[in-house]
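Q: Please take a close look at the shell around the ligand. Take it piece by piece, and then follow it out into the parts it touches.

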Amino acid sequence: MIVLPKTANTVIIGGGVLGASAAFHLTDAGQDDVVLIDRGPIASGTTPQAAGQTGYLNVDRFAFEFGKYCIEFFENFEQRTGHAIDFRQTGSLRVALTERFQHDLAARLKAAEELGHNVEFISSGRARELVPTFTPPDDCRILLIPRDGYVEPKSVAVAYAAAAKDRGATFQTRVEATGLVITNGRVAGVKTSEGTIETKWVVLAAGAWTRQFAQQLGLNLRAVPVRHQAYVTGPIAGVVPNQPIVRFTEPQIYVRHEAGGLLVGGYGYRPLSFDMNDFDRKFEISALEADPVYYQQLSAAARTFFPSLADATVVQERRGLPTISPDGRLVLSEPSGLRGLVVLSGCGVGGIDRSPGAGRIVADIICDRQPWIDPSVLSADRFGDNYATDASLRAQCEEIYAHHYHEIY
Ligand SMILES: Cc1cc2nc3c(=O)[nH]c(=O)nc-3n(C[C@H](O)[C@H](O)[C@H](O)COP(=O)(O)OP(=O)(O)OC[C@H]3O[C@@H](n4cnc5c(N)ncnc54)[C@H](O)[C@@H]3O)c2cc1C
């Protein structure tokens, strides 16, 4: 039997990587009475489907500062939380084939150098040594970013949750939030499938369902779920566990080691957003249908640079619904007109990577602390009247998704 607390200081809706990070950062900041509810088990939405890659190097100063906190957090995860994760800091190779993106790599190198980070251009020959099954074209430019890596994504959410629990948070699974109690423009409680919890603060981190939940409150949250897909092959001769991730700016694909084989994902192929109102109420992310054409196009693009993929057996497909905003940034603030609600959405295909910084901003807002970074660029109100219709919003978010490796944020 579920015994739900009757009151809390903060209720977090959603136990994916973002909600779990918020729970950790809040309790770590000394907040007591934090309750996290999820309609399923912890980390059962899009989080476990991810490739788990980190990538902090950006030209945009906000994104770089934000990413710096995230990478340092992953490097010190056990020390910070008391729970280990398997962070494989293999580094990454960012590969640009055309002049436009070769300039982008040069700008990233400059930004890294200004902050004393060790990032360097390497030759195609050196790239082949590091990633033996990779056949880069001779005229490409390749940036080696040693601090990038990847994690097993579910383990990160589970570790945040365990750390939050150590610090006093309560987790209730199989409890669905159905609405909010609002008094005089301020949150006063959360209605759930198991009764109401009185609370002053709510963090809405319901992944693909966040926009839908916000709609019931009269809010037009500018972030929509967009399908992203990847696949994993069986073992391939020559693939080595410590090989860097390879990311191509064009075509937009990523390839990393996974259990002796390769994990391959990409952007730009048939972007498709969703309105969660069109799904059955009981829909779960694990039931999301594959787009076989996407997989074919992705695989064909990746085989150009990884010929051994042609004979490899696909042993797993991953797909889910990360949320995308019209400018590719997080949507993270108290929206105007409703005090006490903190929305946490628009993670892009980067919610694992961005989770430490996002959780820290949530804690700053709720604990009324001096912000560690100016979060105004993430404000839920920043779009004003733009993208107010579903059609314009979805079109713009699909466009942003389709150019994920081309944008600089
Ligand atoms: C194939 C693929 C590859 C990816 N690769 C990467 C990568 O390399 N690096 C990276 O950083 N990111 C990657 N991502 C993106 C990453 O997975 C997401 O950004 C992240 O997992 C989103 O986390 P979330 O907490 O917002 O959502 P979710 O993990 O979906 O969590 C939301 C939770 O809210 C719960 N919920 C919803 N509604 C309610 C309600 N009413 N009441 C209670 N609970 C509710 C759900 O049950 C769910 O558990 C990838 C995604 C995919 C699909």
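A: Sorted by class, the shell around the ligand has 17 nonpolar, 19 polar and six charged residues. The model is a predicted one. In total, 42 residues surround the ligand. The closest are all glycines: Gly14, Gly16, Gly45, Gly207 and Gly351. Five elements each give two or more residues to this shell. Two are helices, H1 (17-28) and H9 (351-366). Three are strands: E2 (34-38), E13 (228-233) and E17 (314-320).

Both domains take part. The protein is divided into domain 1 (7-50 + 154-223 + 326-393) and domain 2 (90-149 + 226-320). Each of them supplies at least three residues to the shell. Their centres, taken over C-alpha atoms, lie 29 Å apart. Where the two domains touch, nine residues come from domain 1 and nine residues from domain 2. On the domain 1 side of that contact, three residues are nonpolar, five polar and one charged.

Start with strand E13. All six of its six residues are buried. Both faces are covered. His228, Ala230 and Val232 lie on one side, and Gln229, Tyr231 and Thr233 on the other. Strands pair with E13 as well. E17, another contributor to the shell, runs antiparallel to E13 and is joined to it by six bridges. There, Ala230 has Arg318 as its bridge partner. Strand E16 (residues 261-266) also runs antiparallel to E13, joined by three bridges. In E16, Gly265 stands opposite Ala230. Ala230 thus has a partner in E17 and a partner in E16.

Now take Thr46. It sits in the loop between E2 and strand E3 (53-54). Is Thr46 buried or exposed? Thr46 has 28 C-beta neighbours inside 10 Å, so it counts as buried; the cut-off is 20 or more. Set aside its neighbours within four places in sequence, and Thr46 is in contact with Gly16, Gly207, Ala208, Ile285, Gly320, Leu321 and Pro322. Gly16 and Gly207 are also among the residues closest to the ligand. Gly320 belongs to E17, which spans 314-320. By contrast, the C-alpha atoms of Thr46 and Leu332 are separated by 19 Å, with the two positions 286 residues apart along the chain.

Next, helix H6 (residues 153-166). It has 14 residues and reaches 20 Å from first C-alpha to last, close to the 20 Å expected at 1.5 Å a residue. Its buried residues are Pro153, Val156, Ala157, Val158, Ala159, Tyr160, Ala161, Ala163 and Ala164. What do they pack against? The partners are H1, E2, helix H3 (77-81), strand E8 (170-173) and H9. H1, E2 and H9 are also contributors to the shell. Just after H6, Gly168 takes a positive phi of about 105°.

Finally, strand E6 (residues 141-145). Four of its five residues are buried, so the rest of the structure largely encloses E6. Two strands are joined to E6. Strand E4 (residues 92-96) runs antiparallel to E6 through five bridges, and Val95 has Ile142 as its bridge partner. Strand E5 (residues 120-122) is also antiparallel to E6, through three bridges. Here Ile122 is paired with Ile142. Ile142 therefore serves as bridge partner to Val95 and to Ile122.

Conventions
Residues numbered from 1 in each chain as written. Predicted model: local features only at pLDDT ≥ 70, side-chain atom pairs only at ≥ 80, totals over all residues. Near = placed C-beta within 6 Å. Nonpolar A, V, L, I, M, F, W, Y, C, P; charged D, E, K, R; others polar. Domains from an automatic or database assignment. Buried ≥ 20, exposed ≤ 12 C-beta atoms within 10 Å, placed from the backbone. Pairing = 2+ DSSP bridges. Expected span 1.5 Å × (residues − 1). Contact = placed C-beta atoms within 7 Å.
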